[in-house]
Amino acid sequence: MPLFWKPYKSDVTAFIEELRAKKPTLEAEQRAGRALLWDKRIDLQAEAEYDEANVPQQPYVYQTKTP
């Protein structure tokens, strides 16, 4: 390893580190925002009802059924 070797840090990494240093609560705010929409419990009974109510689609949807 050369004497003047410096590890490479990309611009994106430097930006993220600077952002985290300026706003230490950023990660907690992101987790709180994610919890609003994504971290929800799944209602397995409702999901089963949705699956039962699914109507299979015919191969060509615009074809009318002839008796």
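Student: Is Arg31 buried or exposed here?
Tutor: In this predicted model, Arg31 is exposed, and its relative accessible area comes to 57%.

Student: And which residue does the side chain of Arg31 meet in a salt bridge?
Tutor: The partner is Glu27, and the N to O distance in that salt bridge is 3.0 Å. Glu27 itself is partly exposed, with a relative accessible area of 42%.

Student: How many residues apart are Glu27 and Arg31 in helix 2?
Tutor: They are four residues apart in helix 2, and therefore about one helical turn separates Glu27 from Arg31.

Student: Why would two side chains like that pair up at all?
Tutor: In general, side chains that carry opposite charge can pair when their charged atoms come close.

Student: How many salt bridges does the structure hold?
Tutor: The structure holds five salt bridges, and one of them is the pair of Glu27 and Arg31 just discussed. Another of them joins Lys22 to Glu18, where the closest N and O atoms are 3.1 Å apart.

Student: What separates Lys22 and Glu18 along helix 1?
Tutor: About one helical turn separates them, because Lys22 and Glu18 are four residues apart in helix 1. As for their surroundings, Lys22 is exposed, at a relative accessible area of 64%, whereas Glu18 counts as partly exposed, at 43% relative accessibility.

Student: What about Asp39, which residue does that one form a salt bridge with?
Tutor: Asp39 forms a salt bridge with Arg34, and the closest N and O atoms of this pair lie 3.0 Å apart. Asp39 is partly exposed, with 44% as its relative accessible area.

Student: Changing topic to helix 1, how many of its 12 residues are buried?
Tutor: The number buried is zero, so helix 1 lies largely in the open. Its end C-alpha atoms are 16 Å apart, and this agrees with the 16 Å that 12 residues should span at 1.5 Å a residue.

Student: And helix 2, how many of its residues are buried?
Tutor: One of its 12 residues is buried, and helix 2 is accordingly described as hardly covered. This helix covers residues 26-37 and reaches 18 Å from its first C-alpha to its last, which is close to the 16 Å expected at 1.5 Å a residue.

Student: Back on the surface, which residues make the nonpolar patch?
Tutor: Val12, Phe15, Ile16 and Leu19 make that nonpolar surface patch, and its area is about 360 Å². Leu19 is found in helix 1, which runs over residues 11-22, and at 34% relative accessibility Leu19 counts as partly exposed.

Student: Which residues gather in the patch of negative charge?
Tutor: Asp43, Glu47, Glu49, Asp51 and Glu52 gather in that patch on the surface. Glu52 is found in helix 3, made of residues 44-52, and Glu52 is exposed, with a relative accessible area of 67%.

Student: Last one, how far apart are Gly33 and Trp5 in space?
Tutor: From C-alpha to C-alpha, Gly33 and Trp5 are 41 Å apart in space, while in sequence they are 28 residues apart. Gly33 is found in helix 2, and at 35% relative accessibility Gly33 counts as partly exposed.

Definitions and conventions: Residues are numbered from 1 along each chain as its sequence is written. This is a predicted model: local features need pLDDT of at least 70, side-chain atom pairs count only at pLDDT 80 or more; totals for chains, interfaces and linings use all residues. Side-chain values use heavy atoms; hydrogens and water are left out. Patches are made of residues with over 30% relative accessible area and no salt bridge: like charges are joined within 9 Å, nonpolar side chains (Val, Leu, Ile, Met, Phe, Trp, Tyr) within 5 Å. Accessible areas come from the Shrake-Rupley method with a 1.4 Å probe; for residues, only the protein chains shown count as cover. A salt bridge is a side-chain nitrogen of Lys or Arg within 4 Å of a carboxyl oxygen of Asp or Glu. Helices (H or I, at least four residues) and strands (E, at least two) are DSSP runs, numbered from the N terminus. Buried means under 20% relative accessible area, exposed over 50%, partly exposed in between (1.4 Å probe, protein chains only). Lys and Arg count as positive and Asp and Glu as negative; His and the chain ends are not counted. The place of a charge is taken as NZ of Lys, CZ of Arg, CG of Asp or CD of Glu. The expected span of a helix is 1.5 Å times one less than its number of residues.
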